[in-house]
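Welcome! Take a moment to look over the sequence and the structure below, and then let us walk through a few of its details together.

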Amino acid sequence: MMVHTCSGTVIITSLLFTICSVIVFVDGFKVNITNRKLNINKEINLTNNSAGLIENGIFDKAGKYIAAICAAPSIFGHKGILEKRNACCYPSYESHLTGAVVSRNPGEVSAHVITSRGMGTAIEFALQIVACMKGQACADAVKEAIIYQG
C-alpha cells in the first residue's frame, strides 16, 4: 500500500490499514491511497468530513489506536469519535472537535484516541504513540536517546 501526501511524500507499507495497530493522520489535507493488490486508487480529502480511512469506524470500534495532530483531530470530531473524550488540535480547528472536552495541552490520550496540537508538539505526540504502543519505559528510552528536553 502506498500513501501519497499532499506534500509529495510517499509512504509505502506492506500491510493493510485494517490489520495495523495504529493509524496516524499528520495533517488535515489531502492524501492519495493506492493499493495495487486490491486495485484501489483513491484520493481522500481529510478536511471535508470524508475521512475515508476511518469512514466505517473499524479502528474506533475495535479500540485500535488512532492518532491525529494539527488540524487532523477535526476528522475525529466530525466522525463523532471524540464524544466525551479529552482532545486537542491546532487552535483554529478547535471548534471542529465536536463532543470533545477540548484542552490546550500539547497532547491528549483518551482511551485509544491520541491527539496533538501541531508542529511544536510533534515530539510529545510521537512519544505518546510510542508509550501507548510499547509502554512508557520504551517512550522514556526514546526520549533519552533523542535528548529530548521537553
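The side chain of Ser103 makes a polar contact with the side chain of Glu108 at 2.6 Å; a polar contact is a pair of N or O atoms within 3.5 Å, where within protein one must be able to donate a hydrogen and the other to accept it, and residues adjacent in sequence count only if both atoms are side-chain atoms. This is a predicted model, in which local features need pLDDT of at least 70 and side-chain atom pairs count only at pLDDT 80 or more, while totals for chains, interfaces and linings use all residues. Residues are numbered from 1 along each chain as its sequence is written, and side-chain values use heavy atoms, leaving out hydrogens and water.

Leaving aside residues up to four places away in sequence, Ser103 touches Ala87, Cys88, Glu94 and Glu108 (contact means heavy atoms within 4.5 Å). Here is how Ser103 compares with Pro91, using these classes: buried is under 20% relative accessible area, exposed over 50% and partly exposed in between, with a 1.4 Å probe and protein chains only.

| Residue | Loop | Relative accessible area |
|---|---|---|
| Ser103 | between β8 (101-102) and β9 (107-110) | 12%, buried |
| Pro91 | between β7 (86-87) and β8 | 37%, partly exposed |

Strands (E, at least two residues) and helices (H or I, at least four) are DSSP runs numbered from the N terminus. The C-alpha atoms of Pro91 and Ala71 are separated by 8.4 Å, with the two residues 20 apart along the chain.
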